[in-house]
Amino acid sequence: MLFSSISFLFFFLTAIIALYYAVPFKLKNTVLLAFSLFFYAWGGVKYAGLMIIAILLGYTFGLLIEKFREKKIAKLFVGLAVACIISFMLYFKYMDFFIDNFNKLLGTEIPLLKIVLPIGISFYTFQIISYVVDVYRGEKAQKNPINLAAYVAMFPQLIAGPIVRYHDVALELEHREHSLTMFSEGARRFVIGLAKKVLIANSMYDLSEIMYGAEEKTVLMYWIYAISVALYIYFDFSGYSDMAIGLGKLFGFNFIENFNYPYLSRSITEFWRRWHMSLGSWFRDYVYIPLGGNRVKKWR
């Protein structure tokens, strides 16, 4: 189910907003979780089951890590949690890739598994990892499985991010404010993202397809094709991020920004900092710095 689809805009979104604001606060996360699971199951019920298993693993390891945080075994639990959670992503995203390259390298004929990639698996994998690592670093483990599941499965950021880290929304899962001002800001941001996706990204995609499919191509057509593809990629991704941030505000959450005019960058390094910022900061805080950052030997 796409954010720009009729089924989402006129049925799903209307239903969840109506029910979410009708129930007391203690049930809001339950409503958010139920609709998020339905949203995810729309693309395949079995993949919703996979996400539930990943959430349960994260929840269990989070409690174990908090209980034994001052002991060495806590590191073992973190390692096991990361290995288990990331193994799901590696299997679904890269197993056929590994088999294909193995066949080419050794001349074997191992059949591909033809695995269908579950939607959003990278995003909820990174979020569960951030949760268990944050608990190891001192954040309180989430005792309520509904709250943790609502954080991981939250439908606004499930398709294209931004990657929401646990410590950024831990307090909002327990206590968050809802106001007409915040709701209007969220609606405005959602409409801007929707316009980016429908009016610009989709139009640029159609234009690129026309240029690509032309029988006789000129230099000008190649330039038009390159520019339209660049604009399509940016406005599609940026549009979804804007819609996610806007939807988060509708339900009382403040998600981090994901783009900062990346096409104005003057270097590849600056581009990386401006494009998909939540991913860059995630790798910096959970991979690069824990491995030693720039204070270790070059080989590491």
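The chain holds eleven helices and zero strands. Read along the sequence, its pattern is α-α-α-α-α-α-α-α-α-α-α. The radius of gyration is 21 Å, close to the 19 Å that the globule rule gives for 300 residues, so the chain is as compact as a globular protein of that length. This is a predicted model.

**Overall form**

Along its principal axes, the C-alpha trace spans about 65 × 55 × 40 Å. Of the 300 residues, 46% are buried. The chain exposes about 16800 Å². Carbon and sulfur atoms supply 67% of that area. Contacts reach far along the sequence. Among those between residues at least 6 apart, 71% join residues at least 24 apart.

**The nonpolar core**

In soluble globular proteins, nonpolar side chains tend to be buried together. Here the largest nonpolar core has 77 residues. Phe8, Ile16, Tyr124 and Phe155 have the most contacts inside this core. Helix H5 gives the core its largest share, ten residues.

Which residues does Ile16 touch, leaving aside its neighbours within four places in sequence? Ile16 is in contact with Val31, Leu32, Phe35, Phe155 and Phe251. One of these partners, Phe155, is itself among the residues with the most contacts inside the core.

**Helix H11 and its cover**

Helix H11 covers residues 277-288. Its buried residues are Ser278, Leu279, Gly280, Ser281, Trp282, Asp285 and Tyr286. What lies over them? The cover includes helix H5 (121-136), helix H7 (166-174) and helix H10 (268-274). H5 therefore appears twice in this account: it helps to cover H11, and it supplies ten residues of the largest core.

**Salt bridges**

A search of the whole structure finds eleven salt bridges. Three of them are listed here.

| Pair | Closest N to O distance |
|---|---|
| Arg165 and Asp285 | 2.4 Å |
| Arg284 and Asp285 | 2.9 Å |
| Asp100 and Lys104 | 3.4 Å |

Asp285 takes part in a salt bridge with Arg165. Arg165 lies in the loop between helix H6 (145-153) and H7, and Asp285 lies in helix H11, so the pair ties together parts that are 120 residues apart in sequence. Are these two residues buried or exposed? Both Arg165 and Asp285 are buried. For Asp285, the relative accessible area is 17%.

Asp285 also meets Arg284 in a salt bridge. Arg284 counts as partly exposed, at 42% relative accessibility. The links go further still. Arg165, Asp168, Arg284 and Asp285 form a network of salt bridges.

The salt bridge between Asp100 and Lys104 sits within one helix. Asp100 and Lys104 are four residues apart in helix H4, so about one helical turn separates them. An α-helix has 3.6 residues a turn, so residues three or four places apart point the same way. Asp100 is partly exposed at 30% relative accessibility. Lys104 is exposed, with a relative accessible area of 63%.

**A nonpolar patch on the surface**

Some nonpolar side chains lie at the surface. Leu90, Tyr94, Phe97 and Phe98 make a nonpolar surface patch of about 400 Å². Where is Phe97 found? Phe97 belongs to helix H4, which runs over residues 73-106. Helix H4 also carries the pair Asp100 and Lys104.

Conventions: Residues are numbered from 1 along each chain as its sequence is written. This is a predicted model: local features need pLDDT of at least 70, side-chain atom pairs count only at pLDDT 80 or more; totals for chains, interfaces and linings use all residues. Side-chain values use heavy atoms; hydrogens and water are left out. Patches are made of residues with over 30% relative accessible area and no salt bridge: like charges are joined within 9 Å, nonpolar side chains (Val, Leu, Ile, Met, Phe, Trp, Tyr) within 5 Å. Accessible areas come from the Shrake-Rupley method with a 1.4 Å probe; for residues, only the protein chains shown count as cover. A salt bridge is a side-chain nitrogen of Lys or Arg within 4 Å of a carboxyl oxygen of Asp or Glu. Helices (H or I, at least four residues) and strands (E, at least two) are DSSP runs, numbered from the N terminus. Buried means under 20% relative accessible area, exposed over 50%, partly exposed in between (1.4 Å probe, protein chains only). Contact means heavy atoms within 4.5 Å. A nonpolar core is a set of buried Ala, Val, Leu, Ile, Met, Phe, Trp, Tyr and Cys residues joined through side-chain atoms within 4.5 Å. The radius of gyration is taken over C-alpha atoms; the globule rule is 2.2 Å times the number of residues to the power 0.38.
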